[in-house]
Amino acid sequence: MGKKARKMMVLGTCSNSGKSFIVAGICRILKNKGFKVAPYKSQNMALNSFITEDGLEMGRAQVVQAEAAGIKPDVRMNPILLKPNSDTGSQIILHGEVYGNYTASSYYDKKDFFEKEAIKALEELEEDFDYIIMEGAGSASEINLKDKDIVNMGLAEKVDAPVIIVGDIDRGGVFGALAGTMLLFDEREKDLVKGVIINKFRGNLDILKPGLDMIEDVIQRPVLGVVPFMKVDIDDEDSLAMKDRSGKSHNLIDIVVIRTPRISNFTDFNALEHMEGVGVRYVETPKDIGNPDLIILPGTKSTMGDLRWLRESGMETRIQKHASRGKPIIGICGGYQMLGKRLKDEFGVEGGGEMKGIGLLPHSTEFTKDKVRKAQVGKLEDVDGIFADLSGLEYEGYEIHMGISPGFGNIINEGNVYGTYIHGIFDRGEISGAIICALMKAKGINTGDIEAMDMEEYKEKQYEILGTNLEKALDMNRLIEILGGK
C-alpha cells in the first residue's frame with residue numbers, strides 16, 4: 001500500500017461563497033507544481049450532472065475541478081449526488097448509479113450508511129493522489145444539521161482533514177460571517193480550522209487591511225488571502241448562477257432557452273453563449289420569448305412535470321407558434337421527449353400516467369425503471385431543414401435520462417424542429433458553428449467571419465487564469481504547510 005494523499009477541506013460561511021471556485025483554483029495550482037491532485041465532495045445537490053467514460057453519473061462541479069486538476073472525472077470524487085425531483089425529495093445517485101428516491105427525513109435516517117460509503121470513496125482516492133482538496137456544502141455552521149452532517153465539519157472530523165473557511169465579501173458582512181461561523185464551532189471543530197480566505201473582493205486592499213488584522217485577533221486564525229473578484233468563466237454548479245448573455249453588444253443572433261422549473265445540464269449551451277454576435281436568453285414567461293432566431297428546450301429532471309408547466313403557463317402555445325412560422329427549435333434530452341407525440345409512464349417514474357406531447361416531432365417516449373447513462377462519440381445522422389449541414393458531423397457527449405424513444409437515431413427532425421438525447425453536443429466547434437452559420441444565412445447575414453468555439457481550449461485558458469490569479473492572492477507558503485498537516 002502506497003503513501004496516502006494529504007487532505008484539506010474548503011468550507012464556506014454560506015452558499016455560493018465560492019468554495020467550488022477556490023477548490024478548482026487550488027487544484028490547478030498544485031497541478032502546475034507537478035503534484036497529482038484530485039477534488040472531492042462527499043455529497044452534492046445539483047441537477048447539473050455529468051456521465052463519465054465508464055457510464056457513471058456525478059456532479060458537474062467536481063468535473064470542473066477535475067479538469068482544473070488535469071485529470072479525468074471519477075465518481076469517487078463525488079460519491080453521493082442528490083438530484084431534487086420535488087420540493088421535499090431527491091433521486092439519490094450513489095457511486096454513479098441510481099440508488100433510489102428519498103425524502104430528506106428518510107435520507108437522514110440512513111446517514112451512517114451514506115457516510116460510510118462516502119468515506120470509502122475518499123479512502124480509495126487517497127491511494128491514487130498526492131493531495132485531495134475536499135469541498136463542503138452550503139454553510140459550515142448549520143447547527144440544526146450537526147448530527148446529520150456528512151459533508152462539512154462532520155466529515156472533516158471523521159477523516160481528520162484541516163479546514164479553511166471561505167467568506168464572500170461581495171455580499172457584505174464577511175467579518176461577521178467569519179466570526180459567527182467560528183463562534184458556532186465546538187472546540188474540536190475550531191482546532192481543525194487553519195485559516196480563512198476572503199473571496200470576491202473589489203477595490204483597494206489597503207482599505208481592507210485594518211479589518212484583516214482585527215478579524216485575525218477575533219478568530220485567532222490567519223487570513224490566508226484576499227481573492228479579487230475575477231473575470232474567470234468556469235462552469236457554474238447550479239442553475240441559480242445562469243448568466244444572461246443577451247446583453248453583449250452587436251447580437252446578430254438571438255437564442256432563447258426555455259428555463260423550465262427543473263432545468264438540468266444548462267451548461268449544454270455555454271459554447272453558443274461564447275460565440276461572437278450570439279445572445280442567449282433564459283426565459284420563464286411567454287411574453288419574454290419575443291421573436292428569437294432559435295428556441296431551445298433543454299434537459300430537465302422532471303419531463304412530465306415541466307411539460308405540464310409549459311402547458312399551463314402558455315409557453316407550449318408560444319413554442320408551437322414559433323414552429324408554425326418555420327423557425328427552428330431544438331430539444332435536448334427531456335426537451336426532446338416533450339417535443340414528441342406522447343409520454344407514457346407505466347412504472348410511476350415521473351408520477352405515472354400518460355401525457356400528450358407538444359407534437360412537433362414524430363417520436364413517443366416510454367419511461368422505464370432504468371436510467372440510461374452512457375458517454376457518446378460518433379457522427380450525427382442525416383437531417384434536413386435549416387440545420388441540414390449537421391448531417392455526418394462528429395460529436396462527443398453523453399446521454400443521461402429516464403425514458404426511451406425507440407425507432408429514432410442520435411438526432412431527428414421534422415421540418416425545422418430537431419431533437420437529440422446528446423448532452424454537450426454544442427461543445428464541438430463544427431456543430432455550434434454550423435448552427436450559427438445556418439441561422440445567419442436565414443437572416444441574410446455574411447457568415448465569413450464566424451469562428452468555431454473550441455470549448456476544451458477555452459476552458460483550459462480559464463483554468464490557467466484562475467490558478468495564476470489565485471496563487472498571487474493566497475499565502476502559498478502557509479497553504480502548503482496546511483496541506484502538509486502543519
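## Salt bridges, cysteines and a buried glutamine

A search of the whole structure finds zero disulfides. The model under discussion is a predicted one. A disulfide is a covalent bond between the sulfur atoms of two cysteines. Two cysteines may be considered here. Cysteine 27 is buried, with a relative accessibility of 0%. Cysteine 333 is also buried, at 5% relative accessibility.

Charged side chains give another picture, for the whole structure contains 31 salt bridges. Three of these pairs are set out below.

| Acidic residue | Basic residue | N to O distance |
|---|---|---|
| Glutamate 67 | Lysine 459 | 3.3 Å |
| Aspartate 147 | Lysine 148 | 3.4 Å |
| Aspartate 254 | Arginine 281 | 2.9 Å |

The salt bridge between glutamate 67 and lysine 459 has its closest N and O atoms 3.3 Å apart. Glutamate 67 belongs to helix 2 (residues 60-69) and lysine 459 to helix 14 (residues 455-473), so the pair ties together parts that are 392 residues apart in sequence. Glutamate 67 is partly exposed, because its relative accessible area is 23%, whereas lysine 459 is buried at 15%.

In the salt bridge of aspartate 254 and arginine 281, the N to O distance is 2.9 Å. This pair links distant parts of the chain, with aspartate 254 in strand 13 (residues 253-258) and arginine 281 in strand 14 (residues 278-283), 27 residues apart. Aspartate 254 is partly exposed, with a relative accessibility of 23%, while arginine 281 counts as buried at 17%.

Aspartate 147 and lysine 148 also meet through their side chains in a salt bridge. Aspartate 147 is exposed, with 55% relative accessible area, and lysine 148 is partly exposed at 29%. Elsewhere, a network of salt bridges links Arg28, Glu460 and Glu464.

Glutamine 91 is found in strand 7 (residues 89-94). Its relative accessible area is 4%, and residues under 20% count as buried, so glutamine 91 is buried. The side chain of glutamine 91 makes a polar contact of 2.7 Å with that of lysine 371. Beyond its neighbours within four places in sequence, glutamine 91 is in contact with several residues, among them Leu81, Val98, Lys301 and Met402.

The surface offers a further feature. Ile143, Leu183 and Leu184 form a nonpolar patch there, with about 300 Å² of accessible area together. One of these residues, leucine 183, lies in helix 6 (residues 174-183). Leucine 183 has a relative accessible area of 65%, which means that this residue is exposed.

Key:
Residues are numbered from 1 along each chain as its sequence is written. This is a predicted model: local features need pLDDT of at least 70, side-chain atom pairs count only at pLDDT 80 or more; totals for chains, interfaces and linings use all residues. Side-chain values use heavy atoms; hydrogens and water are left out. Helices (H or I, at least four residues) and strands (E, at least two) are DSSP runs, numbered from the N terminus. Buried means under 20% relative accessible area, exposed over 50%, partly exposed in between (1.4 Å probe, protein chains only). A polar contact is a pair of N or O atoms within 3.5 Å; within protein, one must be able to donate a hydrogen and the other to accept it, and residues adjacent in sequence count only if both atoms are side-chain atoms. Contact means heavy atoms within 4.5 Å. A disulfide is a pair of cysteine sulfur atoms within 2.5 Å. Patches are made of residues with over 30% relative accessible area and no salt bridge: like charges are joined within 9 Å, nonpolar side chains (Val, Leu, Ile, Met, Phe, Trp, Tyr) within 5 Å. Accessible areas come from the Shrake-Rupley method with a 1.4 Å probe; for residues, only the protein chains shown count as cover. A salt bridge is a side-chain nitrogen of Lys or Arg within 4 Å of a carboxyl oxygen of Asp or Glu.
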